[in-house]
Amino acid sequence: MNKVTRLDGWSSPIVQSVTHTRFTEDGSMLMRPDGCWDFAILKSADSTIVLRTGLTTSAVTHHYTAGDEILSIAFKASSYMSLMPGEQMRDKGTVLETIGRDRFWLGTDVLEIPTFDTVDGFVHKLTRHSHVEDNSLVASVVSGHPMAMSERTMQRHFLKTTGLTYKAFTQVERAQKALALLQQGRPAADVAFALGYADQPHMIRSLKAIMGVTPSRLAHD
């Protein structure tokens, strides 16, 4: 059984979650869209990879081997990197150049590769050097309490920061909610109605396209 550890009790204006997974057997897993972009540290027996991913709009299969580890630092949609803005990173991942076993290049700076125990220091350094900043305008929209702005301004900021249109972002959010409710055992027809899908087939198509799963598949997982 894979060992998953989450960092609790630490609040950050830019980080959504921190998760460390150690795989105890060979296998694969679906990496589903969650409305965040990530720094992911992938460790295997013979390599360490620092991966910067953008927001995704469909599930991706990750294959792993027993002993592999992933440290995932998920950043909120309203945070952004000027070096790799959201509009350039949608559905993409960039492998950053490493130096030895414990450092990597980020632009012209050299940073230590974070561990589960040093994530807070890593994030602090990212913000102190303005590698990662928060777009308060986008944060207000995501929170459901948007600042006063024109529709055009909102869409421009949202796309540049997240890489997604606001409509695409809300579709991912709705698919997340649907998946959570279905995993709790709620009937598919009830979930579709509660979340405003046109009908149950519409929800099923959306979940398959975005999350890579259907209600019938969930029932057998």
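These legends go with a set of close-up views of a predicted model.

**View 1. A six-stranded sheet with antiparallel pairing.** Let's start with the open sheet whose 6 strands follow the order β1-β2-β7-β4-β5-β9, with antiparallel pairing. Which strands stand at the edges? They are β1 (3–6) and β9 (93–96), and each has a single partner strand, so one side of each is left without a neighbour in the sheet. On average, and with direction ignored, neighbouring strands here are turned by 20° against each other. Helix α2 packs on this sheet, where it touches β2, β4 (37–43) and β7. The direction of α2 makes about 45° with that of β7.

**View 2. Strand β2 and its partners, β1 and β7.** Here we zoom in on β2 (residues 15–22), which pairs with β7 (residues 69–75) in the antiparallel sense over 7 bridges. Two residue pairs help you find your way between these strands. Thr19 has Ser72 in β7 as its bridge partner, and Thr21 stands opposite Ile70 in β7. Turning to β1, this strand is joined to β2 by 4 bridges, and the two run antiparallel. Arg6 stands opposite Thr19 in β2. Thr19 is thus a handy landmark, facing Arg6 and bridging to Ser72.

**View 3. Ser11, in the loop between β1 and β2.** Follow the chain from β1 towards β2 and you meet Ser11 in the loop between them. Is Ser11 buried or exposed? Its relative accessible area is 68%, so Ser11 counts as exposed, the cut-off being over 50%. Do look for Asp120 in this view as well: Ser11 and Asp120 are 109 residues apart along the chain, and their C-alpha atoms are separated by 9.8 Å.

**View 4. A three-stranded sheet with a hairpin.** Another open sheet has 3 strands in the order β10-β11-β12, again with antiparallel pairing. Its edge strands are β10 (98–99) and β12 (109–112), each pairing on one side only. Strand β11 (residues 103–106) pairs with β12 over 4 bridges in the antiparallel sense, and Phe104 has Leu111 in β12 as its bridge partner. Helix α2 (residues 119–128) packs on this sheet, touching β11 and β12, and its direction makes about 160° with that of β12. What lies between β11 and β12? The two strands form a hairpin with 2 residues between them, and Gly107 in the turn has a positive phi of about 65°.

**View 5. Positive phi at Asp91 and Ser130.** This pair of close-ups takes us to two loops. Asp91 is found in the loop between α1 (86–89) and β9. Although Asp91 is not a glycine, it has a positive phi of about 55°. With a relative accessibility of 37%, Asp91 counts as partly exposed. Ser130 sits in the loop between α2 and β13 (133–134). The phi of Ser130 is near 60°, again a positive value in a residue other than glycine. Ser130 is partly exposed, with a relative accessible area of 39%.

**View 6. The largest pocket and its lining.** The volume of the largest pocket is about 1,500 Å³. Which residues lie nearest its centre? Of the 46 residues that line the pocket, these are Met31, Arg32, Asp34, Asp38 and Ser72. You will recognise Ser72 as the bridge partner of Thr19. Helix α5 (residues 166–183) gives the largest share of the lining, with 5 residues. Sorted by class, the lining has 21 nonpolar, 17 polar and 8 charged residues.

**View 7. His62 and Thr214, with their contacts.** His62 belongs to strand β6 (residues 60–64). Its relative accessibility is 19%, so His62 counts as buried, the limit being under 20%. Leaving aside neighbours within four places in sequence, His62 is in contact with Gly27, Ser28, Met29, Met31, Leu42 and Ile70. Met31 also appears among the residues nearest the centre of the largest pocket, and Ile70 stands opposite Thr21. Thr214 lies in the loop between α7 (200–211) and α8 (215–220). At 16% relative accessibility, Thr214 counts as buried. Which residues is Thr214 in contact with, its neighbours within four places in sequence left aside? They are Ile204 and Lys208.

Conventions:
Residues numbered from 1 in each chain as written. Predicted model: local features only at pLDDT ≥ 70, side-chain atom pairs only at ≥ 80, totals over all residues. Heavy atoms only, no water. Pairing = 2+ DSSP bridges. Contact = heavy atoms within 4.5 Å. Axes fitted to C-alpha atoms, helices over the stretch in contact; angles between N-to-C directions. 1 Å grid on protein atoms, 1.4 Å probe; cavity = no way out; pocket = protein on both sides within 12 Å on 5 of 7 lines; lining within 4 Å. Points joined across faces, edges and corners; volume = space filled by probe spheres on them. Nonpolar A, V, L, I, M, F, W, Y, C, P; charged D, E, K, R; others polar. Buried < 20%, exposed > 50% of the residue type's maximum accessible area, 1.4 Å probe, protein only.
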